[in-house]
Amino acid sequence: MKVPHYQNIVILTGAGISAESGLATFRGDGGLWEGHNVMDVATPEAFRRDPVMVHRFYNERRKDLFKVKPNPAHKALARLEGKHKGEVIIVTQNIDNLHQLAGSKNVLHMHGEMLKVRCRQCHQVFDWEGDTSEHLACPSCQAKPALRPHIVWFNEVPFHMEEIEVALYTADLFVSIGTSGAVYPAAGFISMIRSMGKAHSVELNLEPSEGQSLFAETHYGKATKIVPAFVDKLLKETG
């Protein structure tokens, strides 16, 4: 049987890949994230209602990033990007920087990044590793209060959607890793892939997602085991 040669690979990653590095998933049991109801810390309304609490919450989550490291799944995807002769694009729902720390360069953060902040006045985005508060002025326009986490909250539009749609349209391999298939628009990517009929689709997950029946190929288990194995097989087959 002829082994397909994939040129454009799009990989969607969710909380499951970072959970094995020790980061809490965004939507845990009962809609909680680190003991907080997500609607109290992840909506524009929550930020307007209690900016002090929201700043405090994200300051703690930012600190958490310096306690964790990329795991073998992150490293395997970076290796795939480095060795694949075509294009590899990682579209991540995660707001951590573990893909970049592992060595991946072509990463689209559709839900934002924890280590960035945005000015509510001039809309400039800044790299940011420390705490934020309502007392800080924007480094660019000097407005105060100005800074907010550079995170896509509920009822906000994800970032990079045009780039993602182009990538999905040109993909000949789509891989979904560690995502529940319950959060849109990412949950709809597999339907887009199916409707175009051009790309092979693979789900790598701890357990079947809500859209598992739409994938042509599925593998279940810990990301740190099944992702490196899949990458090894893919690189061996495609050279």
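Trainee: How far is the sulfur of Cys 138 from the closest cysteine sulfur, and which residue holds that one?

Mentor: The closest cysteine sulfur belongs to Cys 119 and lies 3.6 Å from the sulfur of Cys 138, which is too far for a bond. Keep in mind that this is a predicted model.

Trainee: What is a disulfide, in general?

Mentor: It's a covalent bond between the sulfur atoms of two cysteines. To call one here, the two sulfurs have to sit within 2.5 Å. The pair Cys 138 and Cys 119, at 3.6 Å, is too far apart for that.

Trainee: And what about Cys 141?

Mentor: Cys 141 is in no disulfide either; its nearest cysteine sulfur is that of Cys 138, 3.7 Å away. By this rule, the disulfide count is zero.

Trainee: Are Cys 138 and Cys 141 buried or exposed?

Mentor: For that you read relative accessibility, with buried meaning under 20% and exposed over 50%. Cys 138 comes out at 1%, so it counts as buried. Cys 141 has 35%, so it's partly exposed.

Trainee: Where does Gln 142 lie, and what is its phi?

Mentor: Gln 142 is in the loop between β7 and β8. Look at the sign of its phi: the angle is positive, about 70°, although the residue is not a glycine. With a relative accessibility of 52%, Gln 142 counts as exposed.

Trainee: What is phi in His 160?

Mentor: Near 65°, again a positive value in a residue other than glycine. You'll find His 160 in the loop between β8 and α7 (161–170), and at 32% relative accessibility it's partly exposed.

Trainee: Which peptide bond joins Lys 144 and Pro 145, cis or trans?

Mentor: Check omega for this one. The bond is cis, with omega at about -10°. Pro 145 belongs to the loop between β7 (125–127) and β8.

Trainee: And the peptide bond from Tyr 184 to Pro 185, cis or trans?

Mentor: That bond is cis too, and its omega is near 10°. Pro 185 sits in the loop between β9 (173–177) and α8 (189–196).

Trainee: Last one: how should I read the surroundings of His 150?

Mentor: Start with the element, then look at burial and partners. His 150 is part of strand β8 (residues 147–151), and it counts as buried because its relative accessibility is 10%. Leaving out residues up to four places away in sequence, His 150 touches several others, including His 111, Glu 113, Val 125 and Phe 159. Arg 118 is also among the residues it touches, and the side chains of His 150 and Arg 118 make a polar contact at 2.8 Å.

Conventions. Residues are numbered from 1 along each chain as its sequence is written. This is a predicted model: local features need pLDDT of at least 70, side-chain atom pairs count only at pLDDT 80 or more; totals for chains, interfaces and linings use all residues. Side-chain values use heavy atoms; hydrogens and water are left out. Helices (H or I, at least four residues) and strands (E, at least two) are DSSP runs, numbered from the N terminus. Buried means under 20% relative accessible area, exposed over 50%, partly exposed in between (1.4 Å probe, protein chains only). A polar contact is a pair of N or O atoms within 3.5 Å; within protein, one must be able to donate a hydrogen and the other to accept it, and residues adjacent in sequence count only if both atoms are side-chain atoms. Contact means heavy atoms within 4.5 Å.
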